[in-house]
Amino acid sequence: MTVLIVGGSGHLGTELARQGRAAGRDTAATFHSRPGEAPGVTWHRLDLRDPTRLRELLDAVEPSAVINASSGGADWAITAEGGVRLARTAAERGIRLVHVSTDAVFAGRPDPYDETCEPDPVSPYGAAKATAETAVRLLCSDAVVARTSLIVGDGRSEHERRVHHLVAGTRRGALFTDDVRCPVHVRDLAAALWELTGSDATGVFHLAGPEAVTRHELGTLIARRDGLDASRLATGRRADTDLPGGLRIVLDGRATRRRLATRLRGVREFLAG
């Protein structure tokens, strides 16, 4: 079983590739600008905006499954159209697709969102991801859509790097006290995605941590773990800015966790000092 990781040189993709090879799986991965560092992985250049290259790559690799861990941000051509293109091409070839989506497909509300909730995005990024996941659900009957939240790692995530810069004073900004998410550790997320890839599961899954925190609370936990002065982290309110996106977006993943052997830890557990 050959698995192709689209977006394999990114933060999540790198961990997926590492775990794939560590488990002895036949793993290939794509990159946009330069190959990743996971040893034993076959690397291929791919731009999801190029349909010819996508078809050529799938013909060459002949994967049994594709994990789409790509991140084009709010770039519609990559995140939305590229995701739709991958879903259509995978469906035409009968390739199993595991599509990584995001909590940004939701507008935010006091109550949590479970796996049955339909997207209602309020940001360009959320709209692009919602378009892609909707295409996956429509075109690929045996696919998995895995919505996740803020991805944290052992110092390598953008959230951790930002905290270090803010404490050091090398970057200006504030961490919001009204922006609530459910962070997940990249190792837990990658393990859950591999579990789903190797199963016959289909439909929507919520692969987020079971604990909701504000972005400032997350930053404080990161600073304390890393021995930094958390008092240097300035606070602010997202509601006072013109940044698009919801405020309180809590993914209810209880139904997902009941179906998985992989345990998704809470943020206070995996960031304990």
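1. E6 and E11. In this predicted model, Ala146 of E6 has Phe205 in E11 as its bridge partner. The two strands, E6 and E11 (residues 203-206), run parallel and pair over four bridges.

2. Cover on E6. Strand E6 spans residues 144-148. Five of its five residues are buried, so the strand counts as mostly covered. Both faces are involved. Val144, Ala146 and Thr148 lie on one side, Val145 and Arg147 on the other, and all are buried. Note that Arg147 is on this buried list.

3. E6 and E5. On the E5 pairing, the sense is again parallel, with five bridges between E5 and E6. His99 is bridged to Val145 of E6. From E5 the chain passes through helix H4 (residues 124-139) to reach E6, and this β-α-β crossover is right-handed.

4. Cover on E5. Strand E5 covers residues 96-102. Seven of its seven residues are buried. Arg96, Val98, Val100 and Thr102 point one way. Leu97, His99 and Ser101 point the other way. Both sets are buried, with Arg96 and His99 among them.

5. E5 and E4. Strand E4 (residues 65-68) pairs with E5 in the parallel sense, over four bridges. Val66 stands opposite Leu97 of E5. Helix H3 (residues 76-93) joins E4 and E5 in a β-α-β unit, and the unit is right-handed.

6. Ser149. Where does Ser149 sit? Its place is the loop between E6 and strand E7 (151-152). Is Ser149 buried or exposed? Its relative accessibility is 9%, so Ser149 counts as buried, the cut-off being under 20%. The Ser149 side chain reaches the backbone nitrogen of Cys182 at 3.1 Å. Beyond its neighbours within four places in sequence, Ser149 is in contact with Asp103, Arg181, Cys182, Pro183, Leu207 and Ala208. Cys182 therefore appears twice for Ser149, in the polar approach and in the contact list.

7. The aromatic pair. How many aromatic pairs does the structure hold? It holds one. Phe106 and Tyr113 make up the pair, with ring centres 4.0 Å apart and 15° between the planes. The pair counts as stacked because planes under 30 degrees apart fall in that class. Phe106 is at 1% relative accessibility, so it counts as buried. Tyr113 is at 2% and is therefore buried as well.

8. A charge over Tyr113. The Tyr113 ring has a further partner in Arg109. The charged end of Arg109 sits over this ring, 4.2 Å from its centre. Tyr113 thus takes part in the stack with Phe106 and lies beneath the charge of Arg109.

9. Pro124. Which helix holds Pro124? It is found in H4, the helix on the path from E5 to E6. At 48% relative accessibility, Pro124 counts as partly exposed. The reason is that the value lies between the 20% limit for buried and the 50% limit for exposed. Not counting residues up to four places away in sequence, Pro124 touches Ala74 and Pro244. Its C-alpha atom is separated by 27 Å from that of Leu16, and the two residues are 108 residues apart along the chain.

Terms used:
Residues are numbered from 1 along each chain as its sequence is written. This is a predicted model: local features need pLDDT of at least 70, side-chain atom pairs count only at pLDDT 80 or more; totals for chains, interfaces and linings use all residues. Side-chain values use heavy atoms; hydrogens and water are left out. Buried means under 20% relative accessible area, exposed over 50%, partly exposed in between (1.4 Å probe, protein chains only). Two strands pair if DSSP finds at least two bridges between them. A crossover is right-handed if, with the strands pointing away from the viewer, the path from the first strand over the helix to the second runs clockwise. A polar contact is a pair of N or O atoms within 3.5 Å; within protein, one must be able to donate a hydrogen and the other to accept it, and residues adjacent in sequence count only if both atoms are side-chain atoms. Contact means heavy atoms within 4.5 Å. Rings of Phe, Tyr and Trp (its six-membered ring) pair if their centres lie within 6.5 Å; planes under 30 degrees apart count as stacked, over 60 as edge-to-face and the rest as tilted. A charge sits over a ring if NZ of Lys or CZ of Arg is within 6 Å of the ring centre and within 35 degrees of the ring normal.
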